[in-house]
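User: Could you take one small part of this model and walk me through it slowly? I am new to reading structures, so please explain each term as you go.

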Amino acid sequence: MKDFYTSAFYGVVKETQESSGYTLPIDIESYVVMLLADHLDKPNFLPESTFSESYMRLKNSRNAKELGDTCLFVTGVFPDYGLDNDYYINIGKSSYNMISHGYNKELFTALSKHFHFLRNFIELSVKI
């Protein structure tokens with residue numbers, strides 16, 4: 001079933017790029033597709049504690065990636081969720097920035113740097 005979701009979101013992301021005129025680099029495009037497909041089957045994707053508590057307890061790159069992904073997903077798919085979006089955007093950017101110092105530096109630096117744009121792109125994608 002995950003292959004179906006991946007294929008469907010690939011189509012959605014491509015359609016969003018065509019309709020918006022934005023072109024995502026292939027690694028970012030793939031990341032956004034996988035993020036959306038992966039979260040579709042995760043009904044309990046929110047952190048067990050608050051986002052800020054989760055950020056303060058980050059122990060490794062895997063935890064930072066999960067928190068960054070959750071922030072990007074929440075702000076893009078549920079833009080009116082909870083607190084001000086800047087709260088989630090800042091935690092997500094910082095989480096990705098933490099990873100960029102050791103794991104796939106280029107990708108996670110780009111995700112951190114362009115978090116706000118990607119959040120807006122995802123929001124546009126789910127509206128199509």
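Analyst: **A close look at D69 and its partner**

D69 is buried, with a relative accessible area of 7%. The word "buried" stands for under 20% relative accessible area, while "exposed" stands for over 50% and "partly exposed" for what lies in between, using a 1.4 Å probe and protein chains only. Before we go on, please keep in mind that this is a predicted model, where local features need pLDDT of at least 70, side-chain atom pairs count only at pLDDT 80 or more, and totals for chains, interfaces and linings use all residues. Residues are numbered from 1 along each chain as its sequence is written, and side-chain values use heavy atoms, with hydrogens and water left out.

Now for the partner. The side chain of D69 meets that of K65 in a salt bridge, at 2.7 Å from N to O. A salt bridge here is a side-chain nitrogen of Lys or Arg within 4 Å of a carboxyl oxygen of Asp or Glu. Side chains of opposite charge can pair when their charged atoms come close. Find both residues in helix α4: they are 4 residues apart, so about one helical turn separates K65 from D69. Helices are DSSP runs of H or I with at least four residues, strands are runs of E with at least two, and both are numbered from the N terminus. The two ends of this pair differ in setting: K65 has 30% relative accessibility and therefore counts as partly exposed, whereas D69 is buried at 7%.

It helps to set this pair beside others, as the count comes to 5 salt bridges in this model. One of them joins the side chains of K14 and E29, at 3.0 Å from N to O. This pair links distant parts of the chain, with K14 in helix α1 (residues 2-20) and E29 in helix α2, 15 residues apart. K14 is partly exposed because its relative accessibility is 30%, while E29 is buried because its value is 3%. Another bridge brings together the side chains of K42 and D38, again with 3.0 Å from N to O. Here K42 is partly exposed at 36%, and D38 is partly exposed too, at 27%.

For a contrast with D69, look at E48, which sits in the loop between α2 and α3. E48 has a relative accessible area of 88%, so it counts as exposed. You can also trace a distance from there: E48 and F78 lie 30 residues apart in sequence and 18 Å apart in space, C-alpha to C-alpha.

Finally, step back to the whole chain. Its secondary structure comes to 7 helices and 0 strands, giving the pattern α-α-α-α-α-α-α along the sequence. The chain is as compact as a globular protein of its length, because its radius of gyration is 14 Å, close to the 14 Å that the globule rule gives for 128 residues. That radius is taken over C-alpha atoms, and the rule is 2.2 Å times the number of residues to the power 0.38. Along the principal axes, the C-alpha atoms fill a box of roughly 40 × 30 × 30 Å. Of the 128 residues, 40% are buried, and D69 is one of the buried residues. Among contacts (heavy atoms within 4.5 Å) between residues at least 6 apart in sequence, 70% join residues at least 24 apart.
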